[in-house]
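Here's a quick tour for the bench. Have a look at the model below, then read on.

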Amino acid sequence: MKISPIQLRIAITLVTFLFFLWGLSYGLIDVMNKNLQNHLHITQHESGYLQMAYFGAYFIIALPAGFIAQKFSYKIGILMGLALYAIGCLLIIPATNSANFALFLFAFFILACGLGTLETNANSYITKLGDSKNSSFRINAAQSFNGIGQFIGPIIAGQLFLSITKAPKDAPIEIIEELLQKNMGNVQLIYVAIAVVVFFTMLAFIFAKLPEQKEEITTQQSQNILTCFKNKIFSLGLFAQFLYIAAQVGAGAFFINYVTEHNTDISDSQAAYYFSIALIAFMLGRIFTTPLMKKISSHKILGIYSMINALLCMYLYFSSGFSGVIALIAIFFFMSISFPTIFAISISTLPQSQVKLASSLLIMSIVGGAIMPSIMGYFNDLYGTSMGYLILTICFLFVSYYGFIGSKEK
């Protein structure tokens, strides 16, 4: 299909907007964690199931989503992702009406299946919308809009969700029900609004003329499912990515809990604003560090940044007051380059025939984010939120090892 320059720009704009949409969802999910603790009266361990449902969906959907892109087209894969995203948002309606935590988990699982499908397709598709020499620029520009979405999410959620105070346990049942109903109404409003935006985005993709990108699965590719694990740099990188995502999601999931526990004068809604600042720090970390990689090996930067984060997690365990908030924000700055750096290093020594499969496996490693919050929540309930961050030290130490030693060829 021949496509004009204007149509190509429209395609790039539409795909870039997808990055904003899943960034917005990620920015909301960690605030929802604290919100459901407040109003459904669940423990931190139980609230960790929210991330388990959310990031567990990525593990399940990554390979099917990649297969759809290969068998049909990126456009079909994107439309499937948007449909699941919208359905998940609309499932928030019965979840909020009944204030049922299990329904919330199911809704966010379906929603995240949509997001996982979008990420699997859009990350690859945008690199092919134009000449190859500018592919890195396009995906990095799109990632910037992802950062904007992550930044906006906590601000919206903090204002509409956490601004409604938690009802005291001894409050009259009428007060408890009134606050719960108001909070659930705000949650429903946000996700229904997102569903409407996603629906119109689907229409735009349906009627837009997009370059078709079909990739047939070859026999050679299908026979390489296990051979890529024989590559030590990849197999260690896959585990490093698993632990890094576990640390990133865990750090965000209980950010608000940590801030409010160690600073009693900071409310939940104010802590959500600090979380937005942390996500800005995450974005700035990529902006400032990327140019350094032309002068300093990405392996070394990954090792140094991860070691700094291990030390900061130790500091969080012993610190109190506002210095802990600053340290927690700093962790996000030093996490910023980890995912793309581990991703690039892991596949750097693989033959081309194994790269697509290896990439899908690295996306599946996002399941680390499904496991860690529940583990952290269990120890947080027993010993305080500081203990959960101490656990993250182990994750960052291994990533640092991978940067300094495990990523080197012998």
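## Phe-404 and its patch

Phe-404 counts as partly exposed because its relative accessibility is 35% (buried is under 20% relative accessible area, exposed over 50%, partly exposed in between, with a 1.4 Å probe and protein chains only). Phe-404 sits in helix 17; helices here are DSSP runs of H or I, at least four residues long, numbered from the N terminus.

Phe-404 has company: Ile-304, Met-307, Leu-311, Met-314, Leu-397, Tyr-401 and Ile-405 join it in a nonpolar surface patch with about 680 Å² of accessible area together. Helix 12 (298-318) and helix 17 (385-406) each chip in at least two of the patch residues. To be in such a patch, a residue needs over 30% relative accessible area and no salt bridge, and nonpolar side chains (Val, Leu, Ile, Met, Phe, Trp, Tyr) are joined within 5 Å. A salt bridge is a side-chain nitrogen of Lys or Arg within 4 Å of a carboxyl oxygen of Asp or Glu. Areas come from the Shrake-Rupley method with a 1.4 Å probe, and for residues only the protein chains shown count as cover.

## Arg-9

Over in helix 1 (residues 5-40) you'll find Arg-9, which is exposed, at 55% relative accessible area. Its C-alpha is 8.8 Å from that of Leu-129, 120 residues away along the chain.

## Helix 9 and helix 14

The axes of helix 9 (residues 232-253) and helix 14 (residues 338-347) come within 9 Å and cross at roughly 165 degrees. The two helices are therefore roughly antiparallel (angles over 145 degrees).

## About the model

This is a predicted model: local features need pLDDT of at least 70, side-chain atom pairs count only at pLDDT 80 or more, and totals for chains, interfaces and linings use all residues. Residues are numbered from 1 along each chain as its sequence is written, and side-chain values use heavy atoms, leaving out hydrogens and water.

Methods:
Patches are made of residues with over 30% relative accessible area and no salt bridge: like charges are joined within 9 Å, nonpolar side chains (Val, Leu, Ile, Met, Phe, Trp, Tyr) within 5 Å. Axes are lines fitted to C-alpha atoms, for helices over the stretch in contact, and angles run from 0 to 180 degrees between N-to-C directions. Angles under 35 degrees count as roughly parallel, over 145 as roughly antiparallel, 65 to 115 as roughly perpendicular and the rest as oblique.
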